[in-house]
Amino acid sequence: MTVFDNAIPAVANLDPDLLKTLRQAATDAADEGVKFYVNNGWRSPDYQNQLLRDAVSKYGSEDEAARWVATAAASPHVSGDAVDIGHSNATAWLSEHGAKYGLCQIYRNEPWHYELRTNVIDRGCPRMYADPAKDPRMQK
Ligand SMILES: [Zn+2]
């Protein structure tokens, strides 16, 4: 799917400001031949909980799973405030130009995960967390 797929809940249920900004960036990137794909956008709480259960079995412990997957209560995907972008030319484009739009990579271990930080457009994105487990928002 792309950021323009209105019929898909993962895209349509994103925060309206995030979606608008993503579409603006995607339109500009398209001029340079780069296409944004959405690998994950909004997720239902049930789906997020399923992902967490899967991660616990994959990584063997809740602590290790927390480095990759948030709880439904904490996940910015469930609130519609995060998007996982592909392919690598799109994430490369965003890592170069995203800050101008307020689109920031949040976690060093997730180069595909972007959120909107409109207060940083003039001074660049905040320092990344090493992984989601280091994000204070995840302590719930
Ligand atoms: Zn993500």
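Arg67 and Asp131 form a salt bridge, with 3.1 Å between the closest N and O atoms. Arg67 sits in the loop between α4 (62-65) and β2 (82-86), while Asp131 belongs to the segment after β4 (113-116), so this pair ties together parts that are 64 residues apart in sequence. The two partners differ in their surroundings: Arg67 is partly exposed, at a relative accessible area of 29%, whereas Asp131 is buried, at 3%. The coordinates come from a predicted model. The mean pLDDT of the chain is 94, and 99% of its residues reach 70 or more. Among the elements of the chain, β4 has the highest mean pLDDT (98) and α4 the lowest (93).

Asp131 has a further partner. Its side chain also meets that of Lys134 in a salt bridge, at 3.4 Å from N to O. Both contacts belong to a network of salt bridges that links Glu64, Arg67, Asp131 and Lys134. Side chains of opposite charge can pair when their charged atoms come close. How many salt bridges does the structure hold? There are seven. Another of them joins Asp135 to Arg137, where the closest N and O atoms are 2.8 Å apart. Here Asp135 is buried, with a relative accessible area of 1%, and Arg137 is partly exposed, with 31%.

The loop between α4 and β2, which holds Arg67, also supplies a ligand to the metal site. Which residues coordinate the zinc ion? The donors are His77 through NE2, Asp84 through OD and His113 through ND1, at 2.0 to 2.1 Å. Their spacing in sequence is H-x6-D-x28-H. The two histidines link distant parts of the chain, as His77 lies in the loop between α4 and β2 and His113 in strand β4, 36 residues apart. Both are buried: the relative accessible area is 3% for His77 and 2% for His113.

Ser75 is found in this loop between α4 and β2 as well. Ser75 is buried, with a relative accessible area of 4%. Leaving out residues up to four places away in sequence, Ser75 touches Arg43, Gln48 and Ala70.

Helix α5 (residues 88-97) shows a division between its two sides. Ala90, Thr91, Trp93, Leu94 and His97 are its buried residues. They cover an arc of only 155 degrees around the axis, and therefore lie on the same side of α5. Ser88, Ser95 and Glu96, on the other side of the helix, are exposed. What do the buried residues of α5 pack against? Their packing partners are α2 (16-31), β2, β3 (103-105) and β4.

Two of these α5 residues, Trp93 and Leu94, reappear in the largest nonpolar core, which has 21 residues. Trp93 and Leu94 are among those with the most contacts inside this core, together with Leu22, Phe36, Val83, Ile85 and Leu103. The elements that give two or more residues to the core are α2, β2, α5 and β4. Of these, α2 gives the most, with six residues. In soluble globular proteins, nonpolar side chains tend to be buried together. Leu94 offers a local view of the packing: with neighbours within four places in sequence left aside, Leu94 is in contact with Phe36, Ile85, Ala99, Leu103 and Tyr114. Apart from the largest core lies another one, of seven residues, including Ala70, Cys104, Tyr107 and Val120. Ala70 has already appeared as a residue touched by Ser75.

The last stop is the start of the chain. Is Val3, in the segment before α1 (9-12), buried or exposed? Val3 is buried, with a relative accessible area of 1%. Beyond its neighbours within four places in sequence, Val3 is in contact with Val11, Leu19, Leu22, Arg23, Ala26, Phe36 and Val38. Leu22 and Phe36 in that list are also among the residues with the most contacts inside the largest nonpolar core. Val3 and Glu110, which are 107 residues apart in sequence, have C-alpha atoms 19 Å apart in space.

Notes
Residues are numbered from 1 along each chain as its sequence is written. This is a predicted model: local features need pLDDT of at least 70, side-chain atom pairs count only at pLDDT 80 or more; totals for chains, interfaces and linings use all residues. Side-chain values use heavy atoms; hydrogens and water are left out. A salt bridge is a side-chain nitrogen of Lys or Arg within 4 Å of a carboxyl oxygen of Asp or Glu. Helices (H or I, at least four residues) and strands (E, at least two) are DSSP runs, numbered from the N terminus. Buried means under 20% relative accessible area, exposed over 50%, partly exposed in between (1.4 Å probe, protein chains only). The arc is that of the directions from the helix axis to the C-beta atoms. Contact means heavy atoms within 4.5 Å. A nonpolar core is a set of buried Ala, Val, Leu, Ile, Met, Phe, Trp, Tyr and Cys residues joined through side-chain atoms within 4.5 Å. Donors are N, O and S atoms within 2.8 Å of the metal (3.2 Å for Na, K and Ca); water is not among the atoms, so sites may look incomplete. pLDDT is the predictor's confidence in each residue, from 0 to 100.
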